[in-house]
Amino acid sequence: MDPVASIQAAIGTVGKLRELAKKIEEADFRMLLADLSNDLADAKVEAAELKTRLAQALEDNTRLEKQLNTRQSATPQLQQGAYAFEGQEGLFCTACFDAHDKKIRVTPLTGPFRTFGKWSCPVCNANLG
Ligand SMILES: [Zn+2]
């Protein structure tokens, strides 16, 4: 059962008990019920917060797993200052892959730009090679 739903059900029970307490007229009993009611309300809020945090943790986990898979399936070789991946044409930006796990194809530098390197990354503008 959903923790939030079960706590909600318990709060409902407290409401019924409160109705009974009206007939009994015992101050201590009613005070105790009020405490219980407050505790349950707090627990409900905390459970909802835990649920949110769990969802966030699961999301992080999925993202990290994906990142790890990318890393394992793609071990790059350094070629002319850029990365080469087995079975994939062209060369890729080292900065984009190392920092963001992104495979960005570099484009050759020509003319006067050639002094800065052999390749340029269209995303981070790094000059390689
Ligand atoms: Zn880049």
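## Around Cys121 and out to the whole chain

Setting aside neighbours within four places in sequence, Cys121 touches Cys93, Ala95, Cys96, Ile104, Val106 and Ala126; two residues are in contact if their C-beta atoms, placed from the backbone, lie within 7 Å. Please keep in mind that this is a predicted model, where local features need pLDDT of at least 70, side-chain atom pairs count only at pLDDT 80 or more, and totals for chains, interfaces and linings use all residues. Residue numbers start from 1 along each chain as its sequence is written.

Cys121 also belongs to the largest nonpolar core, a group of 10 residues. Its other members are Ala82, Tyr83, Leu91, Phe92, Cys93, Cys96, Val106, Trp119 and Leu128. A nonpolar core here is a set of buried Ala, Val, Leu, Ile, Met, Phe, Trp, Tyr and Cys residues joined through C-beta atoms within 7 Å. A residue is buried if 20 or more other C-beta atoms lie within 10 Å of its own, exposed if 12 or fewer, and partly exposed in between, with C-beta atoms placed from the backbone. Buried residues make up 9% of the 129 residues in the protein.

Now for the secondary structure. The protein has three helices and five strands, in the order α-α-β-β-α-β-β-β from the N terminus. These are DSSP runs numbered from the N terminus: helices are H or I with at least four residues, strands are E with at least two. Strands S3, S4 and S5 form an open antiparallel sheet in the order S3-S4-S5. Strand S3 (107-108) and strand S5 (127-128) each have a single partner strand, so one side of each is left without a neighbour in the sheet. Strand S4 (residues 119-120) pairs with S5 in the antiparallel sense through two bridges, and Ser120 has Asn127 of S5 as its bridge partner. Strands count as paired if DSSP finds at least two bridges between them.

Three loop residues are worth a look side by side.

| Residue | Loop location | C-beta neighbours within 10 Å | Class |
|---|---|---|---|
| Ala74 | between helix H2 (27-73) and strand S1 (77-79) | 16 | partly exposed |
| Asp101 | between helix H3 (94-100) and S3 | 14 | partly exposed |
| Asn125 | between S4 and S5 | 9 | exposed |

Two of these loop residues have a positive phi without being glycine: Asp101 is near 60 degrees, and Asn125 is at about 65 degrees. Ala74 lies 25 residues from Glu49 in sequence and 38 Å from Glu49 in space, C-alpha to C-alpha.

How far apart are the centres of domain 1 and domain 2? The separation is 52 Å, taken over C-alpha atoms. Domain 1 covers 3-72 and domain 2 covers 75-128, with bounds from an automatic or database domain assignment. The C-alpha trace spans about 95 × 30 × 15 Å along its principal axes. The radius of gyration is 31 Å, whereas a compact globule of 129 residues would be near 14 Å; the value is taken over C-alpha atoms, and the globule rule is 2.2 Å times the number of residues to the power 0.38.

Finally, a word on confidence. The mean pLDDT is 85, and 95% of the residues score at least 70; pLDDT is the predictor's confidence in each residue, from 0 to 100. Among the elements, helix H1 (residues 3-24) has the lowest mean at 77, while S4 has the highest at 96.
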